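Colleague: Could you take me through one part of this model slowly, as you would for someone in their first year? I would like a close look at chain A and the place where chain B touches it.

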Amino acid sequence: MLLYTVKRLIQGIVTVWFIATATFFAMHGVPGDPLMNDKAVKPEIRANLEARYGLDKPIHMQYWIYLKNMASGDFGISFTQQNREVNDIIREHFKVSATLGILAIVFAALGGILWGALTALYRNRAPDIVIMFLVILGISVPGFVFAALGQLSVVEINDWLGFTLFPVAGWGTVQHMIVPSMVLGLGTMAFLTRLMRSSMLEIANSDFIRTARSKGLPVTRILRKHQLRNAILPVITVLGPSIAAITTGGFVVELVFAIPGLGRYFVQAVQQSDYTVIMGTTVFYGAFLVFMVIVVDVIYGFVDPRVRLE
Amino acid sequence: MAEGTLSWERVQVEREVETVSRPSLSYWQDAWIRLKANRRALISLYLVIALVAFTLLGPFVWTVDPAAQDLDQISVPPGADRTATVVGDYSPWRGVTATATADDGGELAAPVSVSVVDQPTTNSVRLRWDPVPGAGGYRVYRNRYDPEPDGALGLPIAEILNPVNVSFEDRLDLKAETYFYSVVALDGRGRESPNYTTATAGVTRVITAAEAVEKGLIDNESDVQLGDTVEMAFHPLGTDYLGRDMLARLMHGARVSLFIGIVAPFFFVIIGILYGSAAGFMGGRADQVLMRFADFVVALPFLLFMILLRILFNVESGDSGIGPMLVAMVLLSWPAAARLVRGQILQIREEGYIGASRLLGAKTNYLILRHMIPNTMGVILVTLTFAVPSAIFTEAFLSFIGMGVAPPTPSWGSMCNEGLKTMLTTPHELIAPAAFISITVLAFNLLGDGLRDALDARMRATE
């Protein structure tokens, strides 16, 4: 197990290096000079920046400086926002995005497992048909529509109640978090429900369930101890990719609900061509996603020893 | 044949020979029959065909220019009343003047008998009221909603600083809807009284005969008389916030969305086939190196790199941005298809018929082209179908955050982005493109399910 984890970690580091390299050369392929913005940069600032990033040096030296900075966790200074380091931006806004994302993934996973199990139990009966119809809808509707509808329903709910139960936008209290995270988790929940359903049905036909049944175990015990536990395994495997989906989905939800998360900053940086912020956040997000996939895989290795053999 | 008793003639035995009752089906014929039996998949297939027809043939039927602005009908929902009354040329209004009675010194009262003079039209709304004793002037507010019960008066639209003038003519951007005008008295120092009176004006759309001719609604000015009604230009799905026809924009937007949704998967699946079959066929060390590289590309955060690639292509605002988006999608999406094809090839390589073919002297190229790729076609087709919805989603997402196609080129995603801003007042601008995206994605998802069931017994969904 330890060997497996170490192997995955090394693979992950190589992947992050690959991402960092790809980002570096992508940004250097951009024609023009990132320092030549609309407003002229003062010569001394320019000199400082050039010295810090070695912009006057040949490209392989710049690459080396860049890797050294990245490895020591220095992502540089924002070009458009005065006096802000990319590290500060990430530190300040990532926790917001992370909170939103964690809530969304918990909501999606719990909902997906619950609905999936329910549809499998009521196979081809009314609850199954209704939920699966909603699931297909959930998979086919883009996230930003959910975000818009979520915001609209918040307005309606508050109107109906006569007081503000859920704020329409912003961040800070628990009430702020509930609707955006539910909206963010919906698509993933639909996907997980579908996965959980087919996994439940597949397990229902397996030999060990038949054995358990013939032993005369109570139905609830078979369901709890045998069927559910095994059916959840595939759901765990896709949690890694789901985190990626929720991360990018978070961009939209943060934009719509005006949440000061890193995703919104990234989109803003892209719109303002703030190169250091783009590079920093890309590498950071890339490293984060790679790390999350490894975590999920290692957890999966614990839960299901069969994978470790591969 | 000396012995006549012994005959070597063939004995005719009546035997039940297994007869072929119908010609054997090819893989594709079989798949087609299965697909036809699947109602959901078949309906989805028709839907996809209808959507393609909508975008390709639609513009020939509905020839409205998607960029043309109809400034008389801005943000008009579908099915709205579009009649306009023909009126004469606008004649200026002198207004109403009156002097108030003596001031009693208290708080300024609300103006009384605020009323709309003449018929309120899109040309002008004329208000008058009785002077308020002690007022130094008046302020007029306009709102599209009833100010009650919250006292939301709307925007201050005019300030009258001479208390003798007790009338106001509104000619500012009037639409054919109901407006709530609230009049408040100001004291000598311009401070506003808390008391207000609201008057309602149901504005009717008017047009002069000359304007109607200019807009092509009628042929000659003499065709209509004052008081007649003419129909404004028809917009089946309404107009957007710039008065552009939604139906025409949806048709042209479908072009971008479906083009990217179909062409991008097509190309990356082809690259995936070539890459995957090369890796699978070569095997060994080369296979490992190739697949490790594919793993790295998979690990790249897809959307982040898509955005980076767009910057790399130096897409300026105003460029359509379709090309870069396509290239970025193809560059980043092929590994999944490559992995799948490689897995298939590895499996097929061990099959008996490949060995037999090789024994007959088949060359490598022949093996790949004649045996391996056709046998992976089913899986590839299913992958392709499932790749379409995700490509459409990606396009919509990128356009939504402003990284996709640039205005004025319409795409469903960018139309949603624009519609979102006016979601609360004119929801049709968001609903129409969102519905189109959802229906398209739904159709491709269901079609993919059907194809998977029809083409690949192993992947058949447990339903």
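Modeller: Here is a walk through chain A, then its contact with chain B. This is a predicted model, in which local features need pLDDT of at least 70 and side-chain atom pairs count only at pLDDT 80 or more, while totals for chains, interfaces and linings use all residues. Residues are numbered from 1 along each chain as its sequence is written, and chains are lettered from A and ligands numbered from 1 in the order in which they are written.

Chain A has eleven helices and zero strands; both are DSSP runs numbered from the N terminus, a helix being H or I with at least four residues and a strand E with at least two. The C-alpha trace of chain A spans about 80 × 60 × 30 Å along its principal axes. Of the 310 residues in chain A, 36% are buried (20 or more other C-beta atoms within 10 Å of their own, against 12 or fewer for exposed and in between for partly exposed, with C-beta atoms placed from the backbone).

In the loop between helix 4 (86-121) and helix 5 (126-140) of chain A you will find A:Asn124. A:Asn124 is not a glycine, yet its phi is positive, about 60°. A:Asn124 counts as exposed because it has 9 C-beta neighbours inside 10 Å.

Now for the partner chain. The contact (C-beta atoms, placed from the backbone, within 7 Å) takes 34 residues from chain A and 31 residues from chain B. Among the elements giving two or more residues to chain B's side are helix 6 (284-299) and helix 10 (364-400) of chain B.

Technical notes
Contact = placed C-beta atoms within 7 Å.
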